[in-house]
Every structure is written in C-alpha cells, then in structure tokens.
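Here are my notes from a pass through the coordinates, in numbered points. Have the viewer open while you read.

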Amino acid sequence: DGMELLKRVKQEVRFRQVPVIMQTAAASAEQVAEGLRNGAYYYLTKPFDGMVLASVVRAAVADGSAWRDMARSANQEPRTLILMQQARFRFRSLDDARVLAASLAQCLPDPTNMGLGLLELLVNAVEHGNVEITCEEKSRLLRADAWEEEVVRRLALPEYADRWVDLEYQRTDAGIEIVVRDDGAGFDWQSYQELDPKRAFEPNGRGIALARQLCFPALEYLGNGNTVRVKIPHGSAAA
C-alpha cells in the first residue's frame with residue numbers, strides 16, 4: 001500500500017530527501033502522523049482544491065530544489081571554512097540567508113542535510129522573526145505564489161529597516177555550536193517542535209520540526225523564540 005511504499009522509498013539514501021506528497025481520501029490524525037513519521041512532507045485529501053494542489057506542489061519543488069542546490073554546493077566548494085574556529089555574521093535578506101547557509105554548510109559534518117536545516121533557521125529568522133509573517137499568513141502567500149515578494153516588501157518598510165539577524169559560530173573540542181538571533185518579538189516555538197498532523201495539509205509549518213528531527217543532533221529555541229541554538233558534537237551526522 002502507499003504507506004509501505006513510502007517506507008521503502010525513504011530507506012533508499014538517494015530518495016531520502018525527495019519531497020513526497022501523500023494523497024488520500026481518509027486521513028485521520030493517526031494516519032497523518034504515521035505518514036509524517038515515515039517521511040511524507042505534505043498531504044492532500046480527496047477531493048482537493050486546485051489552488052491548494054498548486055501551492056503544495058510549488059512548496060515540494062522548492063524543497064527539492066533547495067536540497068539539490070545544497071548538495072551541489074557541498075560537492076563543489078572547497079571546505080576551507082572547516083578550519084574556522086569562531087565567527088559572527090549579520091544579515092537581513094533571504095538571499096543573504098541562502099548564501100550564508102551554503103557557506104557555513106561546508107563547516108558541518110553533514111553539509112547537505114545540516115545546511116538545509118541551517119537554511120530553515122535563517123529563513124525563519126527573517127520571515128517570521130524580523131518581518132513578522134505568521135504561519136497562517138505564509139500559507140496564504142504561498143497559495144498566491146507571493147511569499148518572497150511580501151518578504152522583500154516588508155524588509156523595505158521603516159518599521160523593519162533596522163532589524164537584523166545575527167549568527168554566531170564556534171568550534172570547540174566538544175563540537176560546533178551555532179546561535180541564531182533575530183530582532184523580532186519571538187513566537188510560540190513550542191508548538192512547532194514536533195510534526196503536527198494538523199499542519200500536514202498546509203504548504204508550510206513543518207520546517208523547524210524537520211530540522212530538529214532530521215538535520216541536527218540538538219536544536220533548542222530560547223526565551224521568547226527569537227534565539228535558537230544548535231549543538232553538533234564532533235562525529236555527528238544527520239539522521
């Protein structure tokens with residue numbers, strides 16, 4: 001059946017990062033949770049709305065493209081930054097987040113998967129942190145194919161012009177620690193720590209949980225949620 005096929009697909013390393021959309025007529029909370037645990041990224045219930053289908057497919061294609069780009073970068077760029085012991089970076093835009101994640105991925109023991117997890121944290125700091133796009137707003141923007149345009153628009157507004165994302169990187173004898181801090185008011189991060197079946201039918205809302213479960217050995221949000229810390233012991237690899 002579909003669930004058994006999903007399990008077998010995700011057992012293959014070459015397919016592990018392929019975004020899978022599960023289409024089903026019956027989807028209880030337990031069934032959705034099982035699908036998410038076994039590697040489904042998105043859900044569609046029959047009958048489905050054409051706009052919802054388009055937004056979910058766009059999100060899946062974007063996820064797949066991001067993984068391929070990160071894998072290509074990991075294979076092509078020299079890993080000289082692995083020698084870096086300590087650094088601090090500051091940025092504002094989504095483009096800067098992508099460049100920084102791709103560069104710092106070279107310092108990590110699993111550049112592709114951990115780089116994708118880092119990218120998720122940096123993008124969250126810009127979109128949800130500094131320009132205060134809520135999860136519900138992002139869902140609507142993705143359906144309208146207008147998410148990135150709205151992020152750029154808000155970054156130009158006076159109330160967000162002085163907000164930055166700071167990233168601190170440190171390598172010690174114990175491993176690597178990365179701290180990302182934005183200038184936003186924070187968010188209810190506790191509800192995004194686990195894969196929630198209620199959000200399985202949205203084109204977004206699972207990035208933090210996937211980064212926590214699949215990309216990093218230890219990830220924790222601090223305080224009001226505008227700071228996140230990742231710890232990677234030496235010898236670690238993503239799940």
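Where do R153 and E150 both lie, and how many residues apart are they? They both lie in helix α7, three residues apart, which is about one turn of the helix. Keep in mind throughout that we're looking at a predicted model.

1. **The R153–E150 pair.** These two form a salt bridge, and their closest N and O atoms are 2.8 Å apart. The two ends sit in different surroundings: R153 is partly exposed at 45% relative accessibility, whereas E150 counts as buried at 13%. Side chains of opposite charge can pair when their charged atoms come close.

2. **E150 has a second partner.** E150 also forms a salt bridge with R154, with 2.7 Å between the closest N and O atoms. Here the spacing along helix α7 is four residues, so again the partners are separated by about one helical turn. Both E150 and R154 are buried. Through shared partners, salt bridges join E137, E150, R153 and R154 into one network. I'd look at those four side chains as a group.

3. **The buried side of α7.** Which residues of helix α7 are buried? Over residues 147-155 they are W147, E150, V151, R154 and L155. They share one side of α7 because they cover an arc of only 135° around the axis. So the list holds both E150 and R154 from the salt bridge above, next to W147, V151 and L155.

4. **What surrounds α7.** The cover over its buried residues includes α4 (94-104), α5 (111-130) and α6 (135-143). On the face turned away from the buried side you'll find the exposed residues E149 and V152. Colour α7 by accessibility and compare E149 and V152, which are exposed, with W147 and V151, which are buried.

5. **A salt bridge in α4.** D95 and R98 both lie in helix α4, three residues apart, or about one turn. They form a salt bridge with the closest N and O atoms at 3.0 Å. Are its two ends buried or partly exposed? D95 is partly exposed, with a relative accessible area of 47%, and R98 is partly exposed too, at 31%. In total the structure holds 12 salt bridges.

6. **Helix α2.** In this helix (residues 29-37), V32, A33, G35 and L36 are buried. They lie on the same side of α2, because the arc they cover around the axis is only 160°. Those buried residues pack against α1 (2-11) and β2 (42-45). The face of α2 turned away from them carries E30 and R37, both exposed. After α2 comes G39, where phi is positive, near 110°.

7. **A nonpolar surface patch.** Which residues make up the nonpolar patch on the surface? I21, V57 and V61 do, with about 200 Å² of accessible area together. I21 comes from strand β1 (residues 21-24) and is partly exposed, with a relative accessible area of 30%. V57 is found in helix α3 and is partly exposed as well, at 36%.

8. **V56, next along α3.** V56 has its place in helix α3 (residues 50-76). With a relative accessible area of 1%, V56 is buried, whereas V57 is partly exposed. Two distances you can check on screen: V56 and G186 are 130 residues apart in sequence and 27 Å apart in space, C-alpha to C-alpha. V57 and Q106 are 49 residues apart in sequence and 29 Å apart in space, also C-alpha to C-alpha.

9. **Cysteines.** How many disulfides are there? The count comes to zero, taking a disulfide as a pair of cysteine sulfur atoms within 2.5 Å. C107 is buried, with a relative accessible area of 2%. C135 is buried too, at 12%. With the cut-off for buried set at under 20%, both of those values fall below it.

Terms used:
Residues are numbered from 1 along each chain as its sequence is written. This is a predicted model: local features need pLDDT of at least 70, side-chain atom pairs count only at pLDDT 80 or more; totals for chains, interfaces and linings use all residues. Side-chain values use heavy atoms; hydrogens and water are left out. Buried means under 20% relative accessible area, exposed over 50%, partly exposed in between (1.4 Å probe, protein chains only). Patches are made of residues with over 30% relative accessible area and no salt bridge: like charges are joined within 9 Å, nonpolar side chains (Val, Leu, Ile, Met, Phe, Trp, Tyr) within 5 Å. Accessible areas come from the Shrake-Rupley method with a 1.4 Å probe; for residues, only the protein chains shown count as cover. A salt bridge is a side-chain nitrogen of Lys or Arg within 4 Å of a carboxyl oxygen of Asp or Glu. Helices (H or I, at least four residues) and strands (E, at least two) are DSSP runs, numbered from the N terminus. The arc is that of the directions from the helix axis to the C-beta atoms. Contact means heavy atoms within 4.5 Å.
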